[in-house]
Amino acid sequence: MFRKIIAAVLDFITIFAIAGIVVGYFTGNLTEHGFELEGWPALLMFAIMIAYFVMFSKFFGGTIWRRILRVPN
């Protein structure tokens, strides 16, 4: 159970950072400290985050951190 929680937190942080930077880059919302998303870019980032969890869980046998930490389904 502990590994499942740690994997979920690490997955959230990882995909939040990656999706935020990618969406921020393509929409011109990068700042010197990271990214700042509002409106449709923020919605796009959250859609990517949801798609990550759904797609990886359904088609790839678990998210990246679930697989690294060997969390059973």
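Trainee: Which residues make the nonpolar surface patch, and what is its area?

Mentor: The nonpolar surface patch covers about 700 Å² and is made by Met 1, Ile 5, Val 9, Phe 12, Ile 13, Phe 16 and Phe 46. Please keep in mind that we are looking at a predicted model. Helix H1, which spans residues 2-27, gives the largest share of the patch, namely five residues.

Trainee: Ile 5 is one of the patch residues, so where does Ile 5 lie, and why is Ile 5 called partly exposed?

Mentor: Ile 5 lies in helix H1. Its relative accessible area is 48%, and because the partly exposed class runs between the buried limit of 20% and the exposed limit of 50%, Ile 5 is counted as partly exposed. A patch residue needs over 30% relative accessible area, and Ile 5 has 48%.

Trainee: What makes up the chain as a whole, and in which pattern do its elements follow?

Mentor: The protein chain has three helices and two strands, and read along the sequence these follow the pattern α-β-β-α-α. Taken along the principal axes, a box of roughly 40 × 25 × 15 Å holds the C-alpha atoms. Of the 73 residues, 22% are buried, while the chain exposes about 5,400 Å², with carbon and sulfur atoms supplying 71% of that area.

Trainee: Which residues form the largest nonpolar core, and what makes such a set a core?

Mentor: A core requires buried nonpolar residues joined through side-chain atoms within 4.5 Å, and the largest set here has eight residues: Ile 15, Ala 19, Val 23, Leu 37, Ala 42, Met 45, Met 49 and Tyr 52. The elements that give two or more residues to this core are H1 and H2, and the largest share, four residues, comes from H2. As a general matter, nonpolar side chains in soluble globular proteins tend to be buried together.

Trainee: Which residues does Val 23 contact, leaving aside its neighbours within four places in sequence?

Mentor: With those neighbours left aside, Val 23 is in contact with Leu 37, Pro 41, Leu 44, Met 45 and Ile 48. Among these, Leu 37 and Met 45 are also members of the largest nonpolar core.

Trainee: How do you know that Tyr 52, another member of that core, counts as buried?

Mentor: The relative accessibility of Tyr 52 is 9%, and since buried means under 20%, Tyr 52 counts as buried.

Trainee: How many aromatic pairs are there, and why is the pair of Tyr 52 and Phe 53 given the name it has?

Mentor: The count comes to six aromatic pairs. The ring centres of Tyr 52 and Phe 53 are 5.1 Å apart and the planes stand at 75°; because centres must lie within 6.5 Å and planes over 60 degrees apart count as edge-to-face, this pair is edge-to-face. The rings of Tyr 52 and Phe 56 have centres 4.8 Å apart and planes at 40°, and because that angle is neither under 30 nor over 60 degrees, the pair is tilted.

Trainee: What separates Tyr 52 and Phe 56 along helix H2, and which cluster do the ring pairs form?

Mentor: Tyr 52 and Phe 56 are four residues apart in helix H2, and therefore about one helical turn separates them. Ring pairs link Tyr 52, Phe 53, Phe 56 and Phe 60 into a cluster. Within this cluster, Phe 53 has 27% relative accessibility and counts as partly exposed, and Phe 56, with 25%, is also partly exposed.

Trainee: Where is Thr 63 placed, and is it buried or exposed?

Mentor: Thr 63 sits in the loop between helix H2 (40-59) and helix H3 (64-68). Its relative accessible area is 2%, and because the buried class lies under 20%, Thr 63 is buried. Not counting residues up to four places away in sequence, Thr 63 touches Asp 11, Tyr 52, Phe 53, Phe 56 and Ser 57.

Trainee: Why is Arg 70 called exposed, and what is the value of its phi?

Mentor: Arg 70, in the segment after H3, has a relative accessible area of 68%, and since exposed means over 50%, Arg 70 is exposed. Its phi is near 55°, a positive value in a residue other than glycine.

Notes
Residues numbered from 1 in each chain as written. Predicted model: local features only at pLDDT ≥ 70, side-chain atom pairs only at ≥ 80, totals over all residues. Heavy atoms only, no water. Patch = residues over 30% accessible without salt bridge, like charges linked within 9 Å, V, L, I, M, F, W, Y side chains within 5 Å. Areas by Shrake-Rupley, 256 points an atom, 1.4 Å probe, with all protein chains shown as cover. Salt bridge = Lys/Arg side-chain N within 4 Å of Asp/Glu carboxyl O. Buried < 20%, exposed > 50% of the residue type's maximum accessible area, 1.4 Å probe, protein only. Contact = heavy atoms within 4.5 Å.
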